[in-house]
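Reader: Hello! I am new to this structure and would like to learn how to read it step by step. Could you guide me?

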Amino acid sequence: MSAAPKVSVARVATHSASKYLQQLAKHWSHKMEVSFSEEEGRIAFPNGALLEMRADSGTLDVALTVPEGEDVERMRGVVSSHLDRFAFREASLTFDWSTV
């Protein structure tokens, strides 16, 4: 019996959530399967991981589903470091990841 994928979630406080969501989606759109609007984004990674994002006026909610056998911590780091890079004008974004 194979284990279920691991789902990590984080709520990131930022007033630029929509901007960062769109930047990340556009950044990865040439390499991955991406769909996005101003409020929601979905990015499918080649390793089977899936990133889903939802933006509102004060937060960016991220849900990262990582398949069994893939490195959850590494995937969290990839997502958070890319978003943090887009947020260079504000203080570092805080990703308080939890598993659901």
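Reader: Which residue takes a positive phi in the hairpin of β3 and β4?

Author: Welcome! Before the answer, please keep in mind that this is a predicted model. The residue is glycine 48, whose phi is near 95°. The hairpin of β3 and β4 has five residues between the strands.

Reader: How many bridges join β3 and β4?

Author: The two strands pair over five bridges, in the antiparallel sense. For a concrete pair, look at arginine 42, which stands opposite glutamate 52 in β4.

Reader: Let me step back to the whole chain. How many helices and strands are there in the protein chain?

Author: The protein chain has two helices and six strands. Reading from the N terminus, you meet the elements as β-α-β-β-β-β-α-β. The radius of gyration is 13 Å, close to the 13 Å that the globule rule gives for 100 residues, so the chain is as compact as a globular protein of that length. Along its principal axes, the C-alpha trace spans about 45 × 30 × 20 Å.

Reader: In what order do the strands form the sheet?

Author: First the general idea: strands of a sheet pair through backbone hydrogen bonds, and the pairing can be parallel or antiparallel. Here the order is β2-β3-β4-β5-β1-β6, in an open sheet with antiparallel pairing. At the edges stand β2 (33-36) and β6 (98-99); each has a single partner strand, so one side of each is left without a neighbour in the sheet.

Reader: Can we walk across the sheet, pair by pair? How many bridges join β2 to β3?

Author: Gladly. Four bridges join these antiparallel strands, and glutamate 33 has alanine 44 in β3 as its bridge partner. The two strands form a hairpin with three residues between them. Having already looked at β3 with β4, we can go on to the next pair. Strand β4 (residues 50-55) pairs with strand β5 (residues 59-66) over six bridges, again in the antiparallel sense. Here methionine 53 stands opposite valine 62, and arginine 54 has aspartate 61 as its bridge partner in β5. A hairpin of three residues connects β4 to β5.

Reader: And where does β1 fit? How many bridges join it to β5?

Author: Eight bridges join β1 to β5, and the two run antiparallel. Within that pairing, valine 7 is matched with threonine 65 in β5. Strand β1 also runs antiparallel to β6, joined by two bridges; there, serine 8 has threonine 99 as its bridge partner.

Reader: Now the helices. Which strands does helix α1 lie across?

Author: Helix α1 (residues 17-28) lies across β2, β3 (40-44), β4 and β5, at about 150° to β4. Its length can be checked too: at 1.5 Å a residue, its 12 residues should span 16 Å, and the end C-alpha atoms are 17 Å apart, which agrees.

Reader: Which residues of α1 are buried?

Author: A general point helps here: an α-helix has 3.6 residues a turn, so residues three or four places apart point the same way. In α1, the buried residues are Ala17, Tyr20, Leu21, Gln22, Leu24, Ala25 and Trp28. Their cover includes β2, β3, β4, β5 and α2.

Reader: What about the other helix: which strands does α2 lie across?

Author: Helix α2 (residues 72-86) lies across β1 (6-13), β4, β5 and β6, running at about 150° to β5. One residue to find in α2 is serine 80.

Reader: Is serine 80 buried or exposed?

Author: Serine 80 has a relative accessible area of 15%. Buried means under 20%, so serine 80 counts as buried. Leaving aside neighbours within four places in sequence, serine 80 is in contact with Phe95 and Trp97.

Reader: And valine 100: does it count as buried or exposed?

Author: Valine 100 has 66% relative accessibility and counts as exposed. You will find valine 100 in the segment after β6. Beyond its neighbours within four places in sequence, valine 100 is in contact with Val7 and Val9.

Reader: To finish, what share of the residues of the protein chain count as buried?

Author: Of its 100 residues, 40% count as buried. The accessible surface comes to about 5800 Å², with 51% belonging to carbon and sulfur atoms.

Methods: Residues are numbered from 1 along each chain as its sequence is written. This is a predicted model: local features need pLDDT of at least 70, side-chain atom pairs count only at pLDDT 80 or more; totals for chains, interfaces and linings use all residues. Side-chain values use heavy atoms; hydrogens and water are left out. Two strands pair if DSSP finds at least two bridges between them. Contact means heavy atoms within 4.5 Å. Axes are lines fitted to C-alpha atoms, for helices over the stretch in contact, and angles run from 0 to 180 degrees between N-to-C directions. The expected span of a helix is 1.5 Å times one less than its number of residues. Buried means under 20% relative accessible area, exposed over 50%, partly exposed in between (1.4 Å probe, protein chains only). The radius of gyration is taken over C-alpha atoms; the globule rule is 2.2 Å times the number of residues to the power 0.38. Accessible areas come from the Shrake-Rupley method with a 1.4 Å probe; for residues, only the protein chains shown count as cover.
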